[in-house]
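Subject: Handover of a structure

Dear colleague,

Please find below the structure that I am handing over to you. My account of what was found in it follows directly after.

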Amino acid sequence: MNASVFIVNFVVITEAHVSKKLETCVKRKFMQRETVFVTGVTGSMGGAFMRIYAADRQKYPYKLKVLARDTAKSRRILRPYRNDPDIEIIYGDLRDFEVVARGVDGAGYVIHVGGMVSPSADYYPEETMDVNVNAMRNIVEAVKRQPDPDRVHVVYIGSVSQLGMRHVPHHWGRSGDPVWGAEFDWYAQSKIEAERVLAESGLKHWASLRQTGILAPVMLKKGSDPITFHVPLRGVLEWVTEEDSGRLVANIPVAGLPEKFWKNFYNIGGGESYRLTNYEFMCKLLGALHCPIPEKAFDARWFATSNFHGQWYEDSDLLDDYLHFRSGESADEYFKSLAESLPWFYSLASVVPAGVIRAAMRFVAGRKPFGPFYWKKINDGRRINAYFGGMENWKSLRKWEDIPREELENFTQPPVRLDHGYDESKDESLLDIADMRGAAEFRGGKCLSGSMTPGDLDTPLEWECHAGHVFRATPRIVLKGGHWCPDCMGHRWEYEEEAHHNPFFAQIWK
């Protein structure tokens, strides 16, 4: 064999070897790609995630399992993905353990977005509790049955509704503030209980991300529901866009999250630009819809004054630092793009007389079972008391012209930080039984456990509330999560009584 032939053969053999090796490496890399299981992919947040994931497979190289209810609507929404080799679509019920286990099996990440939400949750409270709480129980159990549960990272999408109503000047909040749901808010109650299931599960890698209000076209459909009038004009909310929420979900498996991220509670928010009073939000939304200003479309006295939820987050930037999900688009830019994207017929609202729109909204406010004027008609004293502070208070509410503008917009006060009842400057590894006793006393109760290993926030201790209820909970869920007695802070909704005995909760109730 001459030299030239040898060289040619060597090159051919070498290229074949390299090609074979490269092919083997590619196959191995494909086989080793992470699998991510996501629920709730037919909703607003989940739907945005699916679009983002499908549009950039290079940035999001993981394989995907998704779970959706087996309905014609779900199948229509997921039709574009049914032949995608990287996506396995599972149809079934979150309450069916075998269905959930099928999704969890082999997954390195479980991102639980699904469940019943408002307004459906308001109309079907028992089903809401059943679905939302048992779904989390199934996920936890399925993870524990994996060969290596510690490898699985579970992220739960909770809700701002878990944090109740916040009035000025305590309209700023952070993780660790009191967890409580507004009276009659079964959705909030279901999210609180589901979060407790996860945080007390003993899993090594979990995180609860409390979602705020999502700006999405679907919110336009809620304008015809009487719960519109449950929202106090003087309340606040830090919104987030649908696309940013979807990007948050997509980024979780690829963000390289450090160990310190896990076993914690976070607030999802859009940041400074999205911190609006409810009145400001109403102005921006009506403007995008070409509708008259709130003063012409509504009567200020139709809106509840309390018993809803909403706050601005002191700590929402922290989650963006981890997951880099915010696009940088401002709230004004969002509403401008929303107006430009709406079908042409929305522009007709500009020629509809304001009196017609006002009459239509008055009709909505009287619809049963949740319209305030329906409560007045049937003399539902408990709801009128919860949302308006009683009939006399409702009658004394002011008209638009009598409300100072500073009570409706431009709340510029700096955050008023709540006391969490322990030394938060103390290193977490040094927190001990004395800190637990102090925190319990600030909540009107006692820590009954005799000792704890300093820094161990994940071994349950025994606690007693002011009413004598004894319960077990980890120091983490009490100090970092803001949970307390599941009986007193549950659906009994005896918050006035609780505030008399619980200084921690009284900070916001009073």
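I begin with helix H7 (residues 186-199), which lies across S5, strand S7 (206-211) and S11 and runs at about 160° to S5. Please note that the model is a predicted one.

The sheet beneath this description

The three strands just named belong to an open sheet of 7 strands, ordered S3-S2-S1-S4-S5-S7-S11 and paired in parallel. Its edges are formed by strand S3 (87-91) and strand S11 (264-267), each of which pairs on one side only. From one strand to the next, the twist averages 20°. A second helix, H6 (residues 125-144), also packs on this sheet, where it touches S4 and strand S5 (153-159). The direction of H6 makes about 175° with that of S4.

Within the sheet, strand S1 (residues 35-39) runs parallel to strand S4 (residues 109-112), and 4 bridges join the two. At one position of this pairing, Thr39 of S1 stands opposite His112 in S4.

The antiparallel sheet

Another open sheet consists of 3 strands in the order S14-S15-S16, and here the pairing is antiparallel. Strand S14 (446-447) and strand S16 (470-473) are the edge strands, each pairing on one side only. Strand S15 (residues 461-464) is joined to S16 over 4 bridges in the antiparallel sense. Trp463 has Phe471 in S16 as its bridge partner. As a general point, the strands of a sheet pair through backbone hydrogen bonds, in either a parallel or an antiparallel manner.

The second largest pocket

The second largest pocket holds about 460 Å³ of space. It is lined by 21 residues, and those closest to its centre are Arg174, Ser175, Asn264, Glu424 and Lys480. Two elements, S11 and helix H11 (316-323), give two or more residues to the lining. The greatest contribution comes from S11, with 3 residues. What is the character of the lining of the second largest pocket, counted as nonpolar, polar and charged residues? The lining divides into 10 charged, 7 nonpolar and 4 polar residues.

Aromatic pairs

A search of the whole structure finds 37 aromatic pairs. One of them is formed by Tyr123 and Phe370, which are edge-to-face, at 4.9 Å centre to centre and with 65° between the planes. Tyr123 lies in helix H5 (residues 120-123), whereas Phe370 lies in the loop between helix H13 (354-364) and helix H14 (372-378), so this pair ties together parts that are 247 residues apart in sequence.

Backbone details

The loop between H13 and H14 also contains Pro369. The peptide bond from Lys368 to Pro369 is cis, with omega near 5°. A cis peptide bond also joins Val168 and Pro169, with omega of about 5°. Pro169 is found in the loop between S5 and strand S6 (172-173).

One further backbone feature concerns Asn379, which has a positive phi of about 60° although it is not a glycine. Asn379 is found in the loop between H14 and helix H15 (381-388).

Yours sincerely

Notes: Residues are numbered from 1 along each chain as its sequence is written. This is a predicted model: local features need pLDDT of at least 70, side-chain atom pairs count only at pLDDT 80 or more; totals for chains, interfaces and linings use all residues. Side-chain values use heavy atoms; hydrogens and water are left out. Two strands pair if DSSP finds at least two bridges between them. Axes are lines fitted to C-alpha atoms, for helices over the stretch in contact, and angles run from 0 to 180 degrees between N-to-C directions. Contact means heavy atoms within 4.5 Å. On a 1 Å grid over the protein atoms alone, a cavity is a set of points where a 1.4 Å probe fits but cannot get out, and a pocket is an open set with protein on both sides within 12 Å along at least five of seven lines; lining residues have an atom within 4 Å of a point. Grid points are joined across faces, edges and corners, and a volume is the space filled by probe spheres set on the points. Ala, Val, Leu, Ile, Met, Phe, Trp, Tyr, Cys and Pro count as nonpolar, Asp, Glu, Lys and Arg as charged, and the others, Gly among them, as polar. Rings of Phe, Tyr and Trp (its six-membered ring) pair if their centres lie within 6.5 Å; planes under 30 degrees apart count as stacked, over 60 as edge-to-face and the rest as tilted.
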